[in-house]
Amino acid sequence: MGIITGCASTPLYQVSPTVPTASIKNSIEVTQSYNDSISIIVYENNKPFNLFYINSNKVVPEDSIAIEANKSSKFGYRQSVRGGDTCNIDVKATLIPNKKYVFVGGTTFSKSIIPFLPNRGCEFGIKDLDTGRLISD
């Protein structure tokens, strides 16, 4: 008998072809360090599903994806940075069928008491591409 090892990953999101959809893409820039990574997820029945993965050299997928519309959905931003730090934000939004949206946010830096070591944080939201307004709460 052998030992099986591996790592569990969050499954990819797939929308049913029978539901109304909206289109969403990512505008969060790739991370600056090869040790940093960002995952954007959506929850379906409290289970997380991957939408986008961002690291120092790419965003996967690169194009827009279809998301179920006409229902309140919970989206998550999960950033892992060197040293084991994380930044996690959840937002809710109801997408309108056939509209286009974009994920916005990313890493933020603010002044700290030590000038050469800024405080690191993150922000995350969903913007309507037609109006430019933030629709997430």
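What follows is a short tutorial dialogue on reading the strands, sheets and disulfide of this predicted model.

User: Before we start, what should I know about the numbering and the model?

Analyst: Residues are numbered from 1 along each chain as its sequence is written, and side-chain values use heavy atoms, with hydrogens and water left out. The model is predicted, so to speak, on these terms: local features need pLDDT of at least 70, side-chain atom pairs count only at pLDDT 80 or more, and totals for chains, interfaces and linings use all residues.

User: How many helices and strands are there in the chain?

Analyst: General idea up front: helices (H or I, at least four residues) and strands (E, at least two) are DSSP runs, numbered from the N terminus. Here you get zero helices and nine strands. Along the sequence that reads β-β-β-β-β-β-β-β-β.

User: Which order do the strands take in the five-strand sheet?

Analyst: For pairing, DSSP has to find at least two bridges between two strands. By that rule, five strands make an open sheet ordered β4-β3-β2-β6-β7, with antiparallel pairing. β4 (58–60) and β7 (86–94) sit at the edges with a single partner strand each, so one side of each has no neighbour in the sheet. The twist averages 20° from one strand to the next; for such angles, axes are lines fitted to C-alpha atoms (for helices over the stretch in contact), and the angles run from 0 to 180 degrees between N-to-C directions.

User: How many bridges join β2 to β3?

Analyst: Seven, between β2 (residues 37–44) and β3 (residues 47–55), which run antiparallel. To find your place in the ladder, take Ser 39: its bridge partner in β3 is Tyr 53.

User: And what is the strand order in the four-strand sheet?

Analyst: That one is open too, ordered β5-β1-β8-β9, and its pairing is mixed. Its edges are β5 (65–68) and β9 (119–128), each with a single partner strand, so one side of each is left without a neighbour in the sheet. Neighbouring strands are turned by 30° against each other on average, direction ignored.

User: Where does the mixed pairing show up?

Analyst: Look at β1. Four bridges tie β1 (residues 21–26) to β8 (residues 100–110), and that pair runs parallel. Another four bridges join β1 to β5, and these two run antiparallel. On the β8 side, Ile 24 has Tyr 101 as its bridge partner, and Ser 23 has Lys 100. On the β5 side, Ala 22 stands opposite Ile 67.

User: Which side chains of β1 are buried?

Analyst: Buried means under 20% relative accessible area, exposed over 50%, and partly exposed in between (1.4 Å probe, protein chains only). In β1 the side chains alternate: Ala 22, Ile 24 and Asn 26 point to one face and are buried, while Thr 21, Ser 23 and Lys 25 point to the other and are not. Across the chain, buried residues make up 36% of the 137 residues.

User: Which cysteines form the disulfide?

Analyst: A disulfide is a covalent bond between the sulfur atoms of two cysteines. The rule used is a pair of cysteine sulfur atoms within 2.5 Å, and the count comes to one. Cys 87 is joined to Cys 122, with S to S at 1.6 Å. The pair links distant parts of the chain: Cys 87 lies in β7 and Cys 122 in β9, 35 residues apart. With -80° about the S-S bond, the link is left-handed.

User: Are those two cysteines buried or exposed?

Analyst: Cys 87 is buried, at 19% relative accessible area. Cys 122 also counts as buried, at 15%.
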